[in-house]
Amino acid sequence: MTKDDHLTFRQFMLNEYREHGTPKDLIFLLEDIATACRTISHKIRSGAFAGTLGATEDTNVQGETQKQLDVIANDQFMMHCANCSRVAALVSEELDNVVWLKDKAEAGDYIIYFDPLDGSSNLELNISVGSIFSIVELKEPLAELTDEAVLIPGSEQICAGYSLYGPSTSLVITTGHGVNGFTHLNGSGEFLLTFPNMTVPAETNEYAINASRQKYWEPAIARYIDECLAGVDGPRERKFNMRWVASMVAEVHRILTRGGVFLYPRDAENAAMGGRLRLLYEASPMAFIIEQAGGKASTGEVQIMDLMPTDLHQRCGVILGSSEEVDRIDAYHRD
Ligand code: F6P
């Protein structure tokens, strides 16, 4: 296969425009986000030489130490997203409050939520990290430009995506018409369509969970994992495999590639915070992507995209991936 066998990101998006009427402003915005991701990928790869590995002296709103690359990635997203005149506001994991780019937010304007560098504790280890983003289009003008005004449920997303900085740089997006994966062709500046119509198989024999948290698990999660571990002699009557990269983007990419289920549930230790992962720029966009690929995404009790956010940096339990497994875990919660 040569480069000419693959659609470029722009060719693909122009087809989306023709087939689904995807707004041109959204296409330009996604091209800018792709540029941000390409730049972040380059900065990560040269980190050890550029002196950008390691921490800053600051902590973010989550109380986590900011890495230099967290700040660099955040600056890239802020700069490139601001190019689009329809973007009214930006919400970043790295910033305490909403950044308003306009004096008024009209119907049709975009709010962008992003985690510029997810899994950054993996940076020094040379393990894959990624960026996650979500775009909501305002249905009505906003009366006031407050942080509360952008607390919009995931069901209102018009687009979500992530870039995975692994052995190659991937860009995976949905605009509500399936999920498509692109790979950056080094040296060309272009993302090419390499994984069209990504789907999550309904069945799987693979799960991902941080098993060191076992003593905090709620009964439904403990039961599910116990049954997987019991293998052929247990109630599931088959063997299960386990993976944990500690990098959500890499886990979701694996699930989109070969199936599986990812769990970062609410547990006895993180329950007071609502869970571990952040709703607006981690859980919701990944839920939209997984559901568009035929999988499911839930907290155990409700669908993630139906959660009404009450705080910009709200956390929630996350269970997503192959639909049969997510249904089973939801049923265990109901039990
Ligand atoms: O949100 C940050 C994150 O790094 C996710 O990408 C990942 O799934 C999770 O935290 C890892 O958590 P832990 O440190 O408990 O393994």
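Two strands count as paired here if DSSP finds at least two bridges between them. With that in hand, let's walk through this predicted model, beginning with a pair of strands that meets the rule.

Strand S17 covers residues 318–321 and runs antiparallel to S15, with three bridges joining the two. One residue pair to look for is Ala297, whose bridge partner in S17 is Leu320. Helix H7 (residues 279–292) packs on the sheet here and touches both S15 and S17, its direction making about 25° with that of S17.

Now step back to the sheet as a whole. It is open, has five strands in the order S12-S11-S13-S17-S15, and its pairing is mixed. At its edges are strand S12 (241–242) and strand S15 (296–298), each of which pairs on one side only. Another helix to find is H5 (residues 219–229), which lies across strand S11 (206–209), strand S13 (261–264) and S17. Relative to S11, helix H5 runs at about 135°.

The other sheet to visit is also open, with eight strands in the order S4-S3-S5-S6-S7-S8-S9-S10 and mixed pairing. Its edge strands are S4 (99–100) and S10 (190–195), and each of these pairs on one side only. Inside this sheet, S3 and strand S5 (residues 110–118) pair in the parallel sense over five bridges. You can pick out Val87 standing opposite Tyr110 in S5.

Helices pack on this sheet too. Helix H1 (residues 9–20) touches strand S8 (169–174), strand S9 (180–185) and S10, and its direction makes about 5° with that of S8. Helix H2 (residues 24–45) touches S3, S5, S6, strand S7 (157–165), S8, S9 and S10. The direction of helix H2 makes about 20° with that of S7.

Next, the charged pairs. The structure holds 22 salt bridges, and one of them is formed by the side chains of Arg86 and Glu137, at 2.9 Å from N to O. Arg86 sits in the loop between helix H4 (68–81) and strand S3 (87–92), while Glu137 belongs to strand S6 (residues 129–137), so this pair ties together parts that are 51 residues apart in sequence.

Finally, which residues are closest to the ligand? Of the 13 residues that surround the ligand, the closest are Asp118, Asn210, Met248, Tyr264 and Glu282. Several of these offer side-chain N or O atoms to ligand oxygen: the distance is 2.7 Å for Asp118, 2.9 Å for Asn210 and 2.6 Å for Tyr264. Taken alone, the ligand exposes 400 Å², and the protein buries 83% of that.

How values were computed:
Residues are numbered from 1 along each chain as its sequence is written. This is a predicted model: local features need pLDDT of at least 70, side-chain atom pairs count only at pLDDT 80 or more; totals for chains, interfaces and linings use all residues. Side-chain values use heavy atoms; hydrogens and water are left out. Helices (H or I, at least four residues) and strands (E, at least two) are DSSP runs, numbered from the N terminus. Contact means heavy atoms within 4.5 Å. Axes are lines fitted to C-alpha atoms, for helices over the stretch in contact, and angles run from 0 to 180 degrees between N-to-C directions. A residue is near a molecule or strand if one of its heavy atoms lies within 4 Å of it. A polar contact is a pair of N or O atoms within 3.5 Å; within protein, one must be able to donate a hydrogen and the other to accept it, and residues adjacent in sequence count only if both atoms are side-chain atoms. Accessible areas come from the Shrake-Rupley method with a 1.4 Å probe; for residues, only the protein chains shown count as cover. A salt bridge is a side-chain nitrogen of Lys or Arg within 4 Å of a carboxyl oxygen of Asp or Glu.
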